[in-house]
Amino acid sequence: MAHLFNRNILLGVSGGIAAYKSAELVRQLQELGASVRVIMTRGAQEFITPLTLQALSGHPVHTDLLDAEAEQGMGHIELARWADLLLIAPATADILARLASGRADDLLTAAALATAAPRLLAPAMNQQMWRDPATTANVATLTARGMAFVGPASGEQACGDIGPGRLVEPAAIAEAAAALFEDGLLQGRRVVITAGPTREALDPVRYISNHSSGKMGYALAQAAVDAGARTTIVSGPVQLPAPDHTRVIAVESATQMLDRCLELLPECDIFIACAAVADYRPAATQAQKIKKGPEQISLQLVRNPDIVATVAAREQHPFTVGFAAETRDVVAYAREKLQRKGLDMIVANDVSDQSIGFNSDVNEAVVLWRDGEQALARTGKSTMARQIVQLIARHLDQGLPDRPGRDDSRK
Ligand code: PMT
């Protein structure tokens, strides 16, 4: 069944008589599980009040690009990054023209340019305006740039005309929004994803760990499910609900994570190592709580096995994707890790920037493979996860001969 669980939908309402239907659309999107925030153009506010959509969405409605107060709350760039989907409904002939010409002189057009999320447009206008060659050309331009359309429907119009130009019913628009996330790119594939931190026990109450929240790995799992994959997360301790239709295997330590991953390998086509695995664990875990003693004590640590390198080294290995958490020379270190660990792809993120990466809702990365790379602009982790899944799907069937030998002595 179609759903929008964990999805952030930025709904743009432009000024046409169908704007009143945006109230019902907010409700339909929420019923499918989405969080909704609304941008209204000036024209839209002539047809329906921001207060109505604020009450329904549960968030202040955004109306102005140059409103210093609103920009201090969630400014247009944050809104654009927050969105997993920008949905414009109704999309008037004017907004289509302005989008096609790349304008950014109001909040809605600026957000449309600034977002890396998919954009879905539900046109509504007079039938003659829809048929006009100018509108036809704008729709073709926007389609060529990757924007999706739902509708318009045909029938009797508010102005009395009959023909194409009616806004598609809100329930059908919400279904179309949900369908955008289900692209079937990994249909029938089996995906295993490691996520979250590991905990390496010192004694029964203390451990070594890190700040990974699991958000990136869980977003990848949702994207894989939406792409049609049977998806399992091998998860360190996190505070996140399991994404729909995903199997979660909970582990604590790196060695437990490795064991569970190896068990899953015979049924795994794609392995994504997003977990922040501790590189070292205490040489011994004390059976009793370590008592306070001298001013200084030393911990002896031993190296943990490298999970993703172990998987990639298997003769029958799945398509193996690692992450690289770097604090400098991000791309150079990531390319070195790609080769040394024998990976098919690696996602490099700069974890020295505390606004992205660990425990943030957004990320920014460069994805590298043997003979190429692609930068992924700063965006919400859900959107980034979809972009990563698309790249994986594109490279999956290309075959991976003669990967360089590994040197496991360095991290
Ligand atoms: O969980 P979030 O709060 O959303 O944060 C996301 C993230 C920052 C944790 C994520 O984007 C990320 O960068 N994950 C990789 C973290 C990491 O351990 O990177 P690394 O460069 O140290 O390791 C390289 C790769 O080897 C990673 O794929 C890692 O999972 C893997 N590895 C590392 C050590 C080890 N013993 N076994 C491994 O499999």
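## Two domains in one chain

Domain bounds come from an automatic or database domain assignment. For this protein, that assignment gives domain 1 (8–179) and domain 2 (190–410). The model you are looking at is predicted, so please keep that in mind as we walk through it together.

How far apart do the C-alpha centres of domain 1 and domain 2 lie? The distance between these centres is 37 Å. The domains also touch: six residues of domain 1 are in contact with eight residues of domain 2.

## The pocket between the domains

Let us turn to the second largest pocket. Where does the second largest pocket lie with respect to domain 1 (8–179) and domain 2 (190–410)? Both domains give residues to its lining, so the second largest pocket lies between them. The space in this pocket comes to about 620 Å³, and 24 residues line it. If you would like to find its centre on the screen, look for Asn8, Lys215, Asp361, Lys381 and Ser382, which are the lining residues closest to that centre.

Which element gives the most to the lining? That is helix H10 (215–226), with four residues. Helix H4 (76–82), strand E19 and helix H14 also supply at least two residues each. By residue type, the lining of the second largest pocket divides into nine nonpolar, seven polar and eight charged residues.

## The sheet of five strands

Strands of a sheet pair through backbone hydrogen bonds, either parallel or antiparallel. In one open sheet, five strands follow the order E2-E1-E3-E4-E5, and their pairing is parallel. Strand E2 (35–40) and strand E5 (148–149) are the edge strands, each pairing on one side only. To see one pair in detail, look at strand E3 (residues 85–91) and strand E4 (residues 119–123), which pair in the parallel sense over four bridges. Here Ala91 has Pro123 of E4 as its bridge partner.

Two helices lie across strands of this sheet. Helix H2 (residues 50–57) lies across strand E1 (8–13) and E2, and runs at about 170 degrees to E2. Helix H5 (residues 93–100) lies across E3, E4 and E5, and its angle to E3 is about 140 degrees.

## The sheet of eight strands

Another open sheet has eight strands, in the order E12-E11-E8-E13-E16-E17-E18-E19, and here the pairing is mixed. Its edge strands, strand E12 (246–250) and strand E19 (372–380), each pair on one side only. On average, neighbouring strands of this sheet are turned by 20 degrees against each other, with direction ignored.

How many bridges join strand E18 (residues 362–369) to E19? There are seven, and the two strands run antiparallel. Among the paired residues, Val367 has Gln374 in E19 as its bridge partner. Helix H14 (residues 381–395) lies across strand E13 (270–273), strand E16 (319–326), strand E17 (345–350), E18 and E19. The angle between H14 and E19 is about 160 degrees. You have met H14 and E19 before, as both supply residues to the lining of the second largest pocket.

## A hairpin to look for

Strand E6 (residues 153–156) and strand E7 (residues 162–166) run antiparallel and are joined by four bridges. Within this pair, Glu156 stands opposite Ile162 in E7. The hairpin of E6 and E7 has five residues between the strands, and Gly160 there takes a positive phi near 100 degrees.

## Backbone details

Which peptide bond has an omega near -5 degrees? The bond from Ala89 to Pro90 does, and it is cis. Pro90 is found in strand E3. A cis peptide bond also joins Gly151 and Pro152, with omega at about 10 degrees. Pro152 sits in the loop between E5 and E6.

One more residue deserves a visit. Asp329 is not a glycine, although its phi is positive, at about 45 degrees. You can find Asp329 in the loop between E16 and helix H13 (330–340).

Terms used
Residues are numbered from 1 along each chain as its sequence is written. This is a predicted model: local features need pLDDT of at least 70, side-chain atom pairs count only at pLDDT 80 or more; totals for chains, interfaces and linings use all residues. Side-chain values use heavy atoms; hydrogens and water are left out. Two strands pair if DSSP finds at least two bridges between them. Axes are lines fitted to C-alpha atoms, for helices over the stretch in contact, and angles run from 0 to 180 degrees between N-to-C directions. Contact means heavy atoms within 4.5 Å. On a 1 Å grid over the protein atoms alone, a cavity is a set of points where a 1.4 Å probe fits but cannot get out, and a pocket is an open set with protein on both sides within 12 Å along at least five of seven lines; lining residues have an atom within 4 Å of a point. Grid points are joined across faces, edges and corners, and a volume is the space filled by probe spheres set on the points. Ala, Val, Leu, Ile, Met, Phe, Trp, Tyr, Cys and Pro count as nonpolar, Asp, Glu, Lys and Arg as charged, and the others, Gly among them, as polar.
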